[in-house]
Amino acid sequence: MNRPNIVFVLTDDQGYGDLGFTGHPHVTTPNIDTFAGEAARMTDFHVGPTCAPTRAGLMTGHYANSTGVWHTIGGRSLLRDDEWTLPTALAESGYATGIFGKWHLGDTYPYRPHDRGFQSAVVHGGGGITQTPDFWGNDYFDDTYFVNGRPRRFEGYCTDVWFDLAMRFISDHKDSPFFCYVPTNAPHSPYNVEDRYADLYRGAESEARARFHGMITNIDENFGKLRAHLRALGIEDNTVLIFMTDNGTSAGARVDSDGHVLDGYNAGRRGVKGSPYDGGHRVPFFLRYPAGEIAHGYDVNRIAANVDFMPTMLELCGIAPPPERSFDGRSLVPLIRSGSSGDVPSEWPDRVIVTDSQRVAYPIKWRMSSTMTDRWRLIDGTELYDIRTDPAQRHDVSGEHSDVVAKLRAAYEAWWENVSRQFDRVIPHAIGGESWSESILTSHDLRNDACEVAWNQGHIRAAFRCRGYWELRVETAGRYRIELRRWPRELGYAVTAGIEGPDIEWRRDTIAASDHALYEGGTAVAATGARLTVAGAEYTTPLEAGSAAAEFMVELPAGETELTAEFLLGDDTLAAYYVYISR
């Protein structure tokens, strides 16, 4: 078998309606539109309503909640280390594997992309550029990204960088099978983009939406370059090329408290990013593979989901999973290959698929959930919608179809039993292993039942107070150096320091005024000491004037523990935003 390459483009916070092909009245996406016209199009494809859960399902074939990923922060965007991932499966079968963009499934060992099967990994930190794990001062232009874990500065706009790196990777591996994953951080906020893209939409819509759509047009430009590159190398026909997005729109439509669209365009659907209604999780999915007889534009109108992605890719590549591995999803290959004729395989089941938006420290049954079939949507276990006759989900028909409600509730119960088996397992940051040298814990992964903040560098500047702990696994007993900081090491600022004005070089003209706080100023704090609690012991130390860090040398036994790190401010405390651990 001539094994195909895989190139997978996944955009961030771009909804189903944010494309010309799906009916947007003025968004300019000619390259993606052309591709969609030549691809198999899953018209009822579903993901998690937010970033990390979608990615967990894509990379494992398992429902995100069962993998430990039911949030985007708080230590619950870390993909459990015993999950078998798509890049691992492909690498084990001889594929070259690379990721260029947003990972969002862990920034410390053993959760980083190069720990999970990617041989080449160039990514930003956390769930978005400017978030706490990201390199300080990144603003989408000339940023510093992590190359297999090591920081390196790149020139250019983030999306341009990701696609340029992807095309270099493709050129380097054109003579053997490869998996090239391009998960852009755009058009996720902050909506930073060059004026020449935002200007296409200014005057017709709000400033934020003009920037958002400008970012999408930039993605489209790069997608066109990517396809031309594959053609120039003579490998397009033997490449499985996929375009999809990770959840509903974040800025393409404004909705009321019930999720109904007030302005903007959302392809006639209710809800946006984070919503249990279709606008939160139904996304475009376009796949083209000419050598595999998937090349002529057609719709496949059966329900499918992100958990189907890994088994589909493995079947297209002729890779049989080992008997000890299984998936919650199923390969879509029979459905896609028959879709061009309009005939659904007789053995194709009537499926029930569940997605939900937890975004809490511990999952809550029925919370913001959608239990779905080809026809029905059961929301939160109570509201029922016939999606065929009511795609905007305006008319609850649960009272008229109690039998359907009962059937879908039973399906959800079975799903919940499956995904909840591992809720109580810890997902620890591992230190002290054979190849380990240092871990940097950030407030992004702080475990806390009450603090639900999308941590970014603006919160550090404002000295946002949040208490919590990190889960830790000490793989080798011994003496460890633990360093508590408010500001990242690359800045070197004192713990107590405030900042007057911007502390980095940044392109003010490209950044919306509402986001300037991410880059300007900082609140001084009157910290006098620091406290560390780990492995059942508590340590305190005074904080010298001007100190950038509080340092502790501690003996740690092997095993799992919790670590709490905080600065002392009189009767109050401030959690350390950064904790550096080394031997």
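These questions and answers walk through salt bridges, a sheet, a helix and one strand residue in a predicted model. Residues are numbered from 1 along each chain as its sequence is written, and side-chain values use heavy atoms, with hydrogens and water left out. Because the model is predicted, local features need pLDDT of at least 70, side-chain atom pairs count only at pLDDT 80 or more, and totals for chains, interfaces and linings use all residues.

Student: How many salt bridges does a search of the whole structure find?

Tutor: Start with the criterion. A salt bridge is a side-chain nitrogen of Lys or Arg within 4 Å of a carboxyl oxygen of Asp or Glu. Searched over the whole structure, the number of salt bridges is 40.

Student: Which residue forms a salt bridge with D44?

Tutor: The closest N and O atoms of the pair are 2.9 Å apart. The partner of D44 in this salt bridge is R377.

Student: How many residues apart are D44 and R377?

Tutor: Strands here are DSSP runs of E with at least two residues, and helices are runs of H or I with at least four, numbered from the N terminus. D44 sits in strand β2 (residues 40-46), R377 in strand β15 (residues 376-379). The pair links distant parts of the chain, and the separation is 333 residues.

Student: Is R377 buried or exposed?

Tutor: Buried means under 20% relative accessible area, exposed over 50%, partly exposed in between (1.4 Å probe, protein chains only). Its partner D44 is at 9%, so D44 is buried. R377 has a relative accessible area of 0%, so R377 is buried.

Student: Which residue of the salt bridge between E236 and R231 is partly exposed?

Tutor: The two side chains meet at 3.7 Å, N to O. E236 is at 10% relative accessibility, so E236 counts as buried. The other residue has a relative accessible area of 46%, so the partly exposed one is R231.

Student: Where in the chain is E413, the salt-bridge partner of K365?

Tutor: The closest N and O atoms of K365 and E413 are 2.6 Å apart. K365 lies in the loop between β13 (353-356) and β14 (369-372), 48 residues from E413. E413 is in helix α11 (residues 402-419).

Student: Which strands stand at the edges of the open sheet β18-β28-β20-β25?

Tutor: This sheet has four strands with antiparallel pairing. Two strands pair if DSSP finds at least two bridges between them. An edge strand has a single partner strand, so one side is left without a neighbour in the sheet. The edge strands are β18 (438-442) and β25 (550-556).

Student: Which residue in β28 stands opposite I440?

Tutor: β18 and β28 (residues 578-582) pair in the antiparallel sense over five bridges. Opposite I440 in β28 stands Y580.

Student: How many residues of helix α7 are buried?

Tutor: α7 (residues 207-232) has 26 residues and reaches 38 Å from its first C-alpha to its last. That is close to the expected 38 Å, taken as 1.5 Å times one less than the number of residues. α7 is mostly covered, and its buried residues number 19 of 26.

Student: Which residues is T144 in contact with, leaving aside neighbours within four places in sequence?

Tutor: T144 lies in strand β5 (residues 144-147). Its relative accessible area is 11%, so T144 is buried. Contact means heavy atoms within 4.5 Å. By that cut-off, T144 is in contact with F135, N138, P151, R152 and R153.
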